[in-house]
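Work through the exercises below with the sequence and the coordinates open. Each task is followed by a solution in steps.

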Amino acid sequence: MKLVIQLVLWVVIIFLGYLVFNAVYEPIQFNKLKEKRYTKVIERLMDIRAAQLAHQDVTGKYAKDFDGLIKFIDTAEFVVVQRRDTTVMDVEYRKAFGVDKYMDIVLIDTLGYASVKDSLFKGNDRYKQMAKVPVDGVDAEFEMDAGTILKNDNTFPVFMVRVDKSVVLHDQDKDLVMQEKQVVSVDQVNGPYISVGSMEDVNTTANWPDSYGQATNQ
C-alpha cells in the first residue's frame with residue numbers, strides 16, 4: 001500500500017512539474033515565434049508605407065487599394081530636381097522708384113526622371129506580393145484604406161494599413177494570442193493590430209517599436 005501511495009505521489013509530482021515547465025516554456029516559444037513573424041510582417045508594411053509615400057509624392061494622394069498601388073510602382077516616375085539659390089534684379093521696384101534692388105530667389109531645375117520601382121525596390125519584384133500577409137499557412141491580405149480628412153479647415157490625404165495579430169498568430173494558443181492583443185508597452189507592438197498610418201490623423205507612424213524597424217512621422 002505504501003508503494004502504491006509513493007507511485008501515485010511521484011505521478012502527481014511529475015505531472016505538476018510538467019505543468020510548471022509548460023507554463024514557462026510555452027510563453028518563451030510563443031514570443032520567439034511571434035517576433036520572427038512580426039519581423040516579416042513589419043518588413044512588408046514598411047514596403048507598403050514607402051510605396052504609399054511615393055504615391056502621395058507623385059500624385060498628391062494615397063492609393064486606396066493594392067492593385068492601384070502595384071500598378072503605380074510598375075509605371076510611375078519621380079521627377080529629379082535641383083534647387084538653386086540666385087539673386088535677380090527686382091524689375092518692378094526699379095520701375096516704381098528708379099533705384100536698383102536685388103532679391104534672392106530659389107530656382108528649381110528639372111534634371112530628369114527616375115523609376116519609382118527602381119528607386120524603391122532596386123530591381124526586386126517583392127512589391128507584387130505586398131498585399132499578402134507573409135506568414136506560412138495564412139491566406140490573407142492586409143487591410144488598407146486611404147482618403148482625406150479635414151483639419152484646421154484644410155484637407156489632408158491619409159492612409160492606413162493593418163493586420164490583426166490573430167491572423168499572424170493563427171496557429172498559436174488562443175489565451176496567449178488574446179494576451180498579446182491587449183499589450184500596451186513602449187517596447188512591444190501595442191494593441192490588437194500591427195499597423196501603420198491612420199484614417200483619423202495626419203501621420204504615417206506605426207505601432208511597433210524601433211527594434212523592428214523605423215516608420216516615423218513624415
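The exercises go from the overall fold to strands, a helix, salt bridges and a surface patch.

The model is predicted: local features need pLDDT of at least 70, side-chain atom pairs count only at pLDDT 80 or more, and totals for chains, interfaces and linings use all residues. Residues are numbered from 1 along each chain as its sequence is written, and side-chain values use heavy atoms, with hydrogens and water left out.

**Exercise 1. The elements**

Count the helices and strands, give their order, and state the buried fraction of the chain.

Step 1. Helices (H or I, at least four residues) and strands (E, at least two) are taken as DSSP runs, numbered from the N terminus. The chain has 6 helices and 5 strands.

Step 2. Read from the N terminus, the order is α-α-β-α-β-α-β-β-α-α-β.

Step 3. A residue is buried under 20% relative accessible area, exposed over 50%, and partly exposed in between (1.4 Å probe, protein chains only). Of the 218 residues in the chain, 33% are buried.

**Exercise 2. Strand pairing and the turn**

Find the strands that pair with β4, and describe the turn between β3 and β4.

Step 1. Two strands pair if DSSP finds at least two bridges between them. Strand β3 (residues 143-151) and strand β4 (residues 154-164) run antiparallel and are joined by 9 bridges. In this pairing, I149 stands opposite F156 of β4.

Step 2. Strand β5 (residues 193-197) also pairs with β4 in the antiparallel sense, over 5 bridges. Here D164 is opposite Y193 of β5.

Step 3. β3 and β4 form a hairpin with 2 residues between them. N152 lies in this loop, and so does D153.

Step 4. Most residues other than glycine have a negative phi. N152 is not a glycine, yet has a positive phi of about 50°. The phi of D153 is also positive, near 65°.

Step 5. N152 counts as exposed because its relative accessibility is 69%. D153 is exposed at 74%.

**Exercise 3. The two sides of α6**

Sort residues of helix α6 into buried and exposed, and check where the buried ones lie around the axis.

Step 1. In α6 (residues 174-181) the buried residues are L176, V177 and E180. They lie on the same side of α6, because they cover an arc of only 100° around the axis; the arc is that of the directions from the helix axis to the C-beta atoms.

Step 2. The face turned away from this buried side carries the exposed residues K174, D175 and Q179.

Step 3. At the start of α6, a side-chain oxygen of D173 comes to within 3.0 Å of the backbone nitrogen of D175.

**Exercise 4. Salt bridges**

Which residues form salt bridges with E180, and which one pairs with D201?

Step 1. A salt bridge is a side-chain nitrogen of Lys or Arg within 4 Å of a carboxyl oxygen of Asp or Glu. By this rule the count is 9.

Step 2. E180 pairs with K34, and their closest N and O atoms are 3.4 Å apart. E180 is in helix α6 and K34 in helix α1, so this salt bridge ties together parts 146 residues apart in sequence. E180 is buried at 5% relative accessibility, and K34 is buried at 4%.

Step 3. E180 also forms a salt bridge with K165, at 3.2 Å between the closest N and O atoms. K165 lies in helix α5 (residues 165-168), so the pair joins parts 15 residues apart in sequence. Both E180 and K165 are buried.

Step 4. K34, K165 and E180 are thus linked in a network of salt bridges.

Step 5. D201 forms a salt bridge with K151, with the closest N and O atoms 2.6 Å apart. D201 is in the segment after β5 and K151 in strand β3, 50 residues apart. D201 is partly exposed at 29% relative accessible area, and K151 is partly exposed at 35%.

**Exercise 5. A nonpolar patch**

Which residues make the nonpolar surface patch of about 560 Å²?

Step 1. Patches are made of residues with over 30% relative accessible area and no salt bridge; like charges are joined within 9 Å, nonpolar side chains (Val, Leu, Ile, Met, Phe, Trp, Tyr) within 5 Å. Areas come from the Shrake-Rupley method with a 1.4 Å probe; for residues, only the protein chains shown count as cover.

Step 2. The patch is made by I5, L9, W10, I13 and I14.

Step 3. I14 is placed in helix α1 (residues 2-59), and counts as exposed at 58% relative accessibility.

Notes: Polar contact = N/O pair within 3.5 Å; in protein donor to acceptor, adjacent residues only side chain to side chain.
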